[in-house]
Every structure is written in C-alpha cells, then in structure tokens.
Amino acid sequence: INAEYMGRRRKSTDRRSARFFCGFFVKKEDHHKLEQFSSRAVELVDDEVQIYTWKDATLLELTQLIQQVKPFAKERAMQLKFNLISPSKGKFTERPIGAVRAETSRRSEDDRKTLADTSFEIGDFLDVAVVPIGPPITRPAV
C-alpha cells in the first residue's frame, strides 16, 4: 500500500523522514504468537500487509491503510491493538504501543502517536490484533 494518500492533510513533501516498507501482520481477534515471527510461520504470510510509510505516520493513519485491505478492520465496535515486534540478538521481543478504534467517531491519544514516538526502528514489524472493544465475552459454565 502506498501511504502517500495520507498527505491530504499535509503534502507528502512536508514529511521530514524518508519513506520505507514496513511489514504489518494483521489478525482478527488476537495477536500472533511471538514464536511465529522467529520461524516465519506460514500463518504469517496470509496476514502480512506491506505498507510504504514514514516514521512520522500516526497509528490512526496506519489504521486507515490497514482498513483498505482488511475489511474486517472497519467493523464497528472493533479496535486495532498495535504491538511492536523487534528482532534482538536472534530473538524477537514484543511491546504494546497503542490501540485505535475502528470507528471514526471516537478518538484517543494513541491516534496521534507516531511510529517514531514508539521507538520503532526500520527492520521492526507491527503485529496488529483487530479485537472487539470492551471486556472479553465470557460464557456461563455448563
């Protein structure tokens, strides 16, 4: 996906950082297991979205790009939870960096958070879980 359309509010020439490709792994209802990144599991291939973006792109802008290719990420009462996946000494580490609601009527501070704000480095991945907003649904014991 080319993130240049995001420049409607600001021209792409206003961006202060260089563009790069970033691997996003988008899954409905849960994050991927960390082990899947180490083994480059087959399951990751179907969930991967490569986005051409900037380090000053916000989580809201990235959410809008994801929604273009993953229709389930547009559903009402859903939120996108972002985890930063970083390779470190042959292992991968993960850290939550923010959550953005799928619906546009409710915004949060995380919407304005940029990749640079999260200590994202080129070569890192983003694991995105598209989950229902609110507490998990529990079923009564049978």
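Helices (H or I, at least four residues) and strands (E, at least two) are DSSP runs, numbered from the N terminus. The model on screen is predicted: local features need pLDDT of at least 70 and side-chain atom pairs count only at pLDDT 80 or more, while totals for chains, interfaces and linings use all residues. Residues are numbered from 1 along each chain as its sequence is written, and side-chain values use heavy atoms, with hydrogens and water left out.

**The whole chain**

Start with the protein chain in a cartoon view. The chain has 3 helices and 5 strands, and from the N terminus on these elements run β-α-α-β-α-β-β-β. Of its 142 residues, 43% are buried; buried means under 20% relative accessible area, exposed over 50%, and partly exposed in between (1.4 Å probe, protein chains only). The chain exposes about 8600 Å², and carbon and sulfur atoms supply 50% of that area. Such areas come from the Shrake-Rupley method with a 1.4 Å probe, and for residues only the protein chains shown count as cover. Among contacts (heavy atoms within 4.5 Å) between residues at least 6 apart in sequence, 70% join residues at least 24 apart.

**Strand E5 and its partners**

Next select E5, residues 125–132. This strand is mostly covered, with 7 of its 8 residues buried. Two strands pair if DSSP finds at least two bridges between them. Now add E1, residues 20–28: E1 and E5 run parallel and are joined by 6 bridges. Within this pairing, look at Val 26, which stands opposite Val 128 in E5. Then add E3, residues 78–88. E3 pairs with E5 in the antiparallel sense, over 8 bridges. Here Ile 85 stands opposite Phe 125 in E5.

**The aromatic rings**

Keep Phe 125 selected and show side chains. The structure holds 7 aromatic pairs; rings of Phe, Tyr and Trp (its six-membered ring) pair if their centres lie within 6.5 Å, and planes under 30 degrees apart count as stacked, over 60 as edge-to-face and the rest as tilted. One of these pairs is Phe 92 with Phe 125: the ring centres are 6.2 Å apart and the planes stand at 35°, so the pair is tilted. This pair links distant parts of the chain, since Phe 92 belongs to strand E4 (residues 91–101) and Phe 125 to E5, 33 residues apart. Both Phe 92 and Phe 125 are buried. Add Phe 25 and Phe 37 to the selection: ring pairs link these two with Phe 92 and Phe 125 into a cluster.

**Helix H3**

Move to helix H3, residues 59–69, and pick out Glu 61. Is Glu 61 buried or exposed? With a relative accessible area of 1%, Glu 61 is buried. Now show Thr 58 as well. A polar atom of the Glu 61 side chain lies 2.9 Å from the backbone nitrogen of Thr 58.

**Two loop residues with positive phi**

Select Glu 29, in the loop between strand E1 and helix H1 (34–39). Although Glu 29 is not a glycine, its phi is positive, about 80°. Glu 29 counts as exposed, at 58% relative accessibility.

Finish at Ala 77, in the loop between H3 and strand E3. Phi of Ala 77 is also positive, near 60°, and this residue too is something other than glycine. Ala 77 has a relative accessible area of 42%, so it is partly exposed.

Note on methods. Polar contact = N/O pair within 3.5 Å; in protein donor to acceptor, adjacent residues only side chain to side chain.
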